[in-house]
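I opened my notebook to look up some helices and a sheet. My entries follow the order in which I checked them.

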Amino acid sequence: MPTRIICRRFAGQSCSTVAFSTATKVPGKRAFFGKAEEDLNFQNTEKSPKRVVTLKLWKPSEYRVSFRPSAYCGAKYVSDEDASRILDGGLLEGDCTRMGAKQVQSRYSITCSRRLSSTKNMLLDLESSKFLSTQANLMQPTKPGLVEDDGEAADVESYDTKEDPRVFQKQRPEYEVLSYNRPKLLQPLSAEEGHLILQNVSVFKSSLKPRTIAEYFFRLSGLLVEQRESLRANPRFAMLCHCAVESIQLFDTSELLMGLKAFVHLAIPPTDSMLKAYESECCRRAWDIGLDRLLLVADLWRCLGRSVPRYLEIALSYVSLHWQELSLPQLVQLVYIIGEGRQAPEDLMKKLDTLVVKHLSSLSLEEVGTICLGFFKASHGLSKHTMQRIGDKVCAQMAEMSNYALVNVLKMYRYTHVDHPEFLKQLGVVVPARIPSIGTQGVMHITLACSALHYRNERIMNAVASSVPSRAAYCRSKDIAKFLWSFGCLNYEPPNVEEFYTCLEEQMRSKMHEFQKFPEHFLTSLLALAFAKRFPKDLIDYALSPKFIRRISNSKFDLKKDLFTLDGTVEIECPDYTGNRLAAELKQEVTEMLWNFAKKDIFTKPEVTEALCLLEDMLGGPQYVKQHMLLPHTRSADLEIRLDPDRKPLPFHSEAAAIKLELKESGVSLTDDLMNRLVKGRSRNPSPVNDSGNKDEMRILKRPVQQERSTSVQDHFEFSDGVPLTGTILNALTKSKTFCGSPDSQLKGQHLGDTKLAVQVSSRNHYSYGSKHLLGLHHLKRRQLRLIGYTVVELPFWEWFPLLRHSRSEKLSYLHHKIFNSVL
């Protein structure tokens, strides 16, 4: 009877002993590189009542690594936000470093010896290999447990961030030399062949030729997925990597590319130190490998998930000199690479913009979507002319466009804010029926684009609102915030308004761990709810707490204004609220900041300054109109006017009245002599100059006629000594003395029956696109002004802006009607 040796492994411990057996090989079972998984299988049979101990070898095809941190003692916690970010866009720059291997791997692992005979400083990072195996499981499109009978929900929400953006590369054969596509029929490699290759590495090691090393990498990439993990942890593979690094400068370009392609297929971790040597070599050769290979190498680094800003900088410098040589596929692939790198020189992007227009008629719809996404990710907008041309092209074929490409085009319209009515009209026809077939993130981007463009289409919004409750559990914190903001900003209530808001508020509470990492999304959500007149007091209490305020102090966004808006809204609209409030010092700080901005921006707009000047003249002076921020937390300014019960203006602006009184006291006395000179005008026959006192007057009379005519004859006359008599002076001299009393005495005449008017000069940005429907923030402001006792008087842009080109009398007549008829 053959001898059988059993190795038992206890949880939480690692075993570095290689298991062996003298037992006969079990059919169908195979050990890979000398490793076996042992188990005790006690069998009871009728023929033999004794227990039989059986040694089971490891079966690669059945081996899986599952990510279950809670199953292991002391495992590090990985938040849903990290997982969702990986599902959304892969690991961004710096994420690997930030998360670290220990955050995503279990504490239970099987270790192997790292000591290699005659080989020092091995460059294969075994910890990174373990990290990658766990990362591969995270990359699977698994989502929270929403299960439908037909499985449609899972299909809609499945999204491969590595493959989906690269669909355009399958539309032209030219992309094959510009990008890496995983071979469909890669020649498989058996475990025995892989074992033989690694044996050769250990035997020949330092004498391996560069071509042989590259071929070994390529052949090993044909191993089954289950076998690659053990390969990356094998010391002989580490030795092969070390040989590659030592002789990397001897590789020709084709061998270098062969190695990079193999690394992609083997899923080498982006943080592996071996890749640093390959990156340096790629940078050294960038100017000599040609445009096609330049783009291919950049694409391989993208597939590896490694950020290579230095290589991209060199590559884009080369492209800047040869941009006119770019073919259509090279242009599209380049913009894709730029988008994934998130940066590019401004002058290069302008050059590429002109090429987009040149090739636009030949671009497919998928390629148009890729162009838009690349520019969007690189934070560079396409020109207005280019966006108009893209809109024309997409309008004609929107029904044939994929959801992914359409969302990408919408992102660029959101970024550029280009007005294309026909595109928006067609969007309202095509998109509503597609909403159920688009993933949550895609639906979010569509809704956010409508919000940014102020496009309030009921069919789109209703379709989105009806789909959100069933997929709310798929929403990240960002999705929740953007859904709420879009509906709140557009000031739109869907038919299922209660269900829509209730499910998203529940998700806010269940995903507080995500919102703590992204406080900007939390405040965005609460402000959007305030627009809709919904105030979850427990969430507001947390947002205004000292703990949360300390948290946002480290945020890359300035969130003080959002806190100030939320606090001011709660003060007016939630009188029964007893939770946390902002400190007076913080509110004063933000108020001063907003006031300084208003003085530079809002108060200098011509439509506002014209309204202020005319109202002061009409009512009797600056003491009757005050330009200020009635509600500072709404971030806009108003013109305040007060009327008594008889609809007569009241001088309430004491500061302006005091300034006017001070100017009067320092003015010129109106004597009889001055009045005679004003009435008679210039003497036609001046008397001779008999004394020195009249010499100055004589010199003034002798000024050139051309200078005298330089002033407007229509607007003013001249004194005999050359002082212009303007319309403003005439108005001041002839104005009724009703408003010339002491400002203090007039301010005392105010009483509780006064009417307070808030005059608002609106613009197109206050309303939805092509409508007279107020947006959320401005609707909230008017609601709160009425709550604190103001009557809102609007000078709408569709009435006031055309009047700016009319006569003064017409504008005064319009303002008189608006002000005094508002209190009827």
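**Entry 1: the sheet.** I began with a term: two strands pair if DSSP finds at least two bridges between them. I also noted that this is a predicted model. How many bridges join β5 to β6? I found six, and the two strands run parallel. β5 covers residues 755–761. One bridge I looked up starts at K756 of β5, and its partner in β6 is Y790.

Next I traced the whole sheet. It is open, has four strands, and runs in the order β1-β2-β5-β6 with mixed pairing. Which strands are at the edges? I noted β1 (626–628) and β6 (790–795), since each pairs on one side only. I also looked up the twist: neighbouring strands are turned by 30° against each other on average, direction ignored.

**Entry 2: helices on the sheet.** I looked for helices against these strands. Helix α30 (residues 606–619) packs on the sheet and touches β1, β2 (638–643), β5 and β6. The direction of α30 makes about 15° with that of β2. Helix α37 (residues 776–787) lies across β2, β5 and β6. I noted that α37 runs at about 145° to β6.

**Entry 3: helix α16.** I checked the length of α16 (residues 365–377). At 1.5 Å a residue, its 13 residues should span 18 Å, and the end C-alpha atoms are 18 Å apart, so the two agree. Is α16 mostly covered or mostly open? It is mostly covered, with twelve of its 13 residues buried. Among them are L365, G369, C372 and F376. The cover includes α14 (328–341), α15 (346–359), α17 (384–397) and α18 (403–416). Just after α16, I found S379 with a positive phi of about 60°.

**Entry 4: α14 against α16.** I took one of the covering helices. The axes of α14 and α16 are 7 Å apart and make an angle of about 35°. The crossing is left-handed. On the α14 side I listed L328, V332, V335, Y336, G339 and E340. They meet E367, T370, I371, G374, F375 and K377 of α16. By class, I noted six nonpolar, three polar and three charged residues.

**Entry 5: α21 against α22.** I ended with α21 (residues 458–471) and α22 (residues 477–489). Their axes come within 12 Å and cross at roughly 145°. This crossing is left-handed. Which residues make the contact? α21 gives M461, V464, A465 and V468, and α22 gives F483, S486 and F487. I noted six nonpolar residues, one polar and no charged ones.

Key: Residues are numbered from 1 along each chain as its sequence is written. This is a predicted model: local features need pLDDT of at least 70, side-chain atom pairs count only at pLDDT 80 or more; totals for chains, interfaces and linings use all residues. Side-chain values use heavy atoms; hydrogens and water are left out. The expected span of a helix is 1.5 Å times one less than its number of residues. Buried means under 20% relative accessible area, exposed over 50%, partly exposed in between (1.4 Å probe, protein chains only). Contact means heavy atoms within 4.5 Å. Axes are lines fitted to C-alpha atoms, for helices over the stretch in contact, and angles run from 0 to 180 degrees between N-to-C directions. A crossing is left-handed if the near helix is turned anticlockwise from the far one by less than a right angle, and right-handed if clockwise. Ala, Val, Leu, Ile, Met, Phe, Trp, Tyr, Cys and Pro count as nonpolar, Asp, Glu, Lys and Arg as charged, and the others, Gly among them, as polar.
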